[in-house]
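Work through these exercises with the model open. Each task is followed by its solution.

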Amino acid sequence: MTASSPLRSRTSSASSRRRDERGVAFPSPVVMLSIIAVAMAGFAFVATSDEEPTERRITTASAPATETPTPEVVPTTPAPTKKPKPKPEVQRGEVYVEVYNNSGIKGLAAGTAAKATQVGWQVVGEDNWQGVIPASTVYYPARLEAAAKLLALDLGIQRTAPAVVPMRMDRLTVILTVDAA
């Protein structure tokens, strides 16, 4: 019993202590770093926010009018002016077009593809489209934007938009909805 009595005295003294609920818990380093990061971001936002630009009148200072002899101007032939490059005309037969039906109206894609072919577009496919499209749209990759506008005019479609995945980026994609019927 002598070996167990020192152990008992330790446990009895620990249980006799009254626990105090008024302790302070220090936050973990992750929480402290997060708080510091949020504070720094707020400071950076305030420090870098721009004020509304104000309009300013810029005046040029002119030198006092003094008479100075002007050199005699010898007439010369005007330098030839460069003509602006005309925008390249869209060659309908050189642009691939795919037509998709998103309306549920049977044969709408085939009829529209036939119309595009009659006008001169190179239609390479037609099928059904699964998804939500708000209105009939001609989708285009960046280099075919002018062609997309021309195709939309040819087909009577009011909306064009940049192509998105899963559309192919080497052709125009026409998706028809009930407004194309």
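**Exercise 1. Locate Pro-166 and state the geometry of the peptide bond before Pro-166.**

Step 1. Pro-166 sits in the loop between E4 and E5. Strands (E, at least two residues) and helices (H or I, at least four) are DSSP runs, numbered from the N terminus.
Step 2. The bond from Val-165 to Pro-166 is cis, with omega near 20°.

The model is predicted: local features need pLDDT of at least 70, side-chain atom pairs count only at pLDDT 80 or more, and totals for chains, interfaces and linings use all residues. Residues are numbered from 1 along each chain as its sequence is written, and side-chain values use heavy atoms, without hydrogens and water.

**Exercise 2. Give the strand order of the sheet and find its edges.**

Step 1. The order is E2-E1-E5-E3-E4, in an open sheet of five strands with mixed pairing. Two strands pair if DSSP finds at least two bridges between them.
Step 2. E2 (122-128) and E4 (159-162) are the edge strands. Each has a single partner strand, so one side of each lacks a neighbour in the sheet.
Step 3. From one strand to the next, the twist averages 20°. Angles run from 0 to 180 degrees between N-to-C directions of axes, which are lines fitted to C-alpha atoms, for helices over the stretch in contact.

**Exercise 3. Trace the parallel pairs and the helices beside them.**

Step 1. E1 (residues 96-101) and E5 (residues 172-176) run parallel, joined by five bridges. Val-99 faces Val-174 in E5.
Step 2. Helix H3 (residues 108-119) lies across E1, E2 and E5, at about 170° to E2. Contact here means heavy atoms within 4.5 Å.
Step 3. E3 (residues 137-140) and E4 also run parallel, with four bridges. Val-138 has Thr-160 in E4 as its bridge partner.
Step 4. Helix H4 (residues 145-155) carries the chain from E3 to E4 in a right-handed β-α-β crossover. Right-handed means that, with the strands pointing away from the viewer, the path from the first strand over the helix to the second runs clockwise.
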